[in-house]
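Student: I would like a close look at one helix pair in this model. Please walk me through how the two helices pack.

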Amino acid sequence: MDTNLIQQLQQIEALKNVPVNQLQWLLSKAECRTFKKGDYAFKKGDPIDKMHIILKGSFILKIDQNGQYRIIGSLDEQTISGTLPYSRASTATGTAEATSDASVVALDKSYFQEMIHDHHELTTALVHVMSTRIRQFTKMQQQNDKMMALGKLSAGLAHELNNPSAAVVRSAQTLRKHLSLLPENFKSVIAIRMTAEQVDFVNNILFEKIGDGIKEYGLMDKTGREDEVAEWLETVGFEDGYELADNFVDFGFESSDFDNIAKHVPSDDLKAVLGWLNQVMTTEKLVMEIEDASQRINDLVCSVKSYTHMDQAVERQEEDIHKGINNTLVMLNHKLKKANVEVIKKYEYNLVKPHIYVSEINQVWTNLIDNAIDALENADERKLEIETKQDGDFVKVTVSDSGTGIPENVIDSIFDPFYTTKAVGKGTGLGLDVVRQIINQHNGTIKVESKPGRTVFKVCIPIR
């Protein structure tokens, strides 16, 4: 027996306390393999039927995502990989490529039964390796799941923020252009000769119209009003009354208003006064557009802050359950619109506020609603229904969708770690496991019922 190999195995942290005779048995049954740089220890789909102990060299682990390889980790010297005692893995999901010349001790799993029966210390050491690997893998998958969820939310928020931010830029540019034209009209405005009473009359009409805000008309109704106003404006000297008519009609001006103004304003000044009114209303409309778009941005930012519960201590507190659900819908609004999903809210608004970890419970709503949207992807009718009510000492939240449903043969497995019914690259299988853990943390329950056309998740959270 090569004493150098024994010494190399003893230098591995996991094997340092294994008796020498058991290491000798391992080497007597194992195969020593060598790899050149670029060789593959295994490829995706290969059977996982050997334990590998890397004595020299290293490998990179790659997985195929949408036709491209992504590096997810590495196997370095003194690493134990491959199948292990009690491991359930059967086929490789990725590829291991040597990054340098490597030497590996490979033990076929057919010897595991003998090892478990006769070599307890070696078996125990390898089981510890497997436990550590499971913890690391779970942590990595949970992190990937969080990053995937964050990516979805970020993409939706970026789209939601893009529209109002573009509106702010567009309106600001138009406002600057509009204000740059004011000096051209300054001469006609400064030449106006009106009494204080006449000025007050015009101002009162202006502020009354602005105070009422922008009017909403049907297409035919608005077109008729614009024709009427444009015709009136052209009779007092405006070359193209339609350029101004849209603005005046938006603020509710009618021909009778112009008749009234004409009675109180000198005829020589009427065109200048109306031009000034148009300028003020144009400025007002652009400012309103900027204000509205800015408010939408502010609402989104507030929703994000409330959703993540930033600046708050990580502790249970009384919280309106609807606030978190509505914030989640804001976060996923882009995806809802893209999938053309109708959201139906059946809220019992006088619910008692339960004591919850707010950020964690929001993760529950995110997972359930996001899964429901995915389930509606190929549905003829796309409805998402959220119902809340008090059920004794519990707050009950029901999330239902009209999707294709969960197959009966897998419905009992959907809360298991790493189980997913989604296509490769669309889910990690940790979403519902995380949901269950959070609900358990709150001493609550979650149940699911499903049939084609209707899937219902029922969440019960104790009020205290």
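Tutor: What follows takes the helix pair in detail, then a buried threonine and the chain around them.

This is a predicted model. The pair is helix 7, residues 219–235, and helix 8, residues 241–250. Two numbers describe such packing: the angle between the axes and the distance between them. Here the angle is about 125°. The axes lie 8 Å apart. An angle between 115 and 145 degrees counts as oblique, so helix 7 is oblique to helix 8. The crossing of helix 7 with helix 8 is right-handed.

Now the residues in contact. Helix 7 contributes Lys222, Arg225, Glu226, Asp227, Val229, Ala230, Leu233 and Glu234. From helix 8 come Gly241, Tyr242, Leu244, Ala245, Asp246, Phe248, Val249 and Asp250.

Next, the threonine. Thr328 sits in helix 11, which spans residues 321–331. Its relative accessible area is 0%, so Thr328 is buried. The side chain of Thr328 comes to 2.8 Å from the backbone oxygen of Gly324.

Now the wider chain. It has 14 helices and 15 strands. Of its 464 residues, 40% are buried. Take the contacts between residues at least 6 apart in sequence: 76% of them join residues at least 24 apart.

Last, confidence. The mean pLDDT of the chain is 82, and 86% of residues score at least 70. Residues 423–430 stay under 50. The model still gives that stretch 22 contacts beyond four places in sequence. Where pLDDT is low, predicted coordinates should not be read in detail.

Methods:
Residues are numbered from 1 along each chain as its sequence is written. This is a predicted model: local features need pLDDT of at least 70, side-chain atom pairs count only at pLDDT 80 or more; totals for chains, interfaces and linings use all residues. Side-chain values use heavy atoms; hydrogens and water are left out. pLDDT is the predictor's confidence in each residue, from 0 to 100. Contact means heavy atoms within 4.5 Å. Helices (H or I, at least four residues) and strands (E, at least two) are DSSP runs, numbered from the N terminus. Buried means under 20% relative accessible area, exposed over 50%, partly exposed in between (1.4 Å probe, protein chains only). A polar contact is a pair of N or O atoms within 3.5 Å; within protein, one must be able to donate a hydrogen and the other to accept it, and residues adjacent in sequence count only if both atoms are side-chain atoms. Axes are lines fitted to C-alpha atoms, for helices over the stretch in contact, and angles run from 0 to 180 degrees between N-to-C directions. Angles under 35 degrees count as roughly parallel, over 145 as roughly antiparallel, 65 to 115 as roughly perpendicular and the rest as oblique. A crossing is left-handed if the near helix is turned anticlockwise from the far one by less than a right angle, and right-handed if clockwise.
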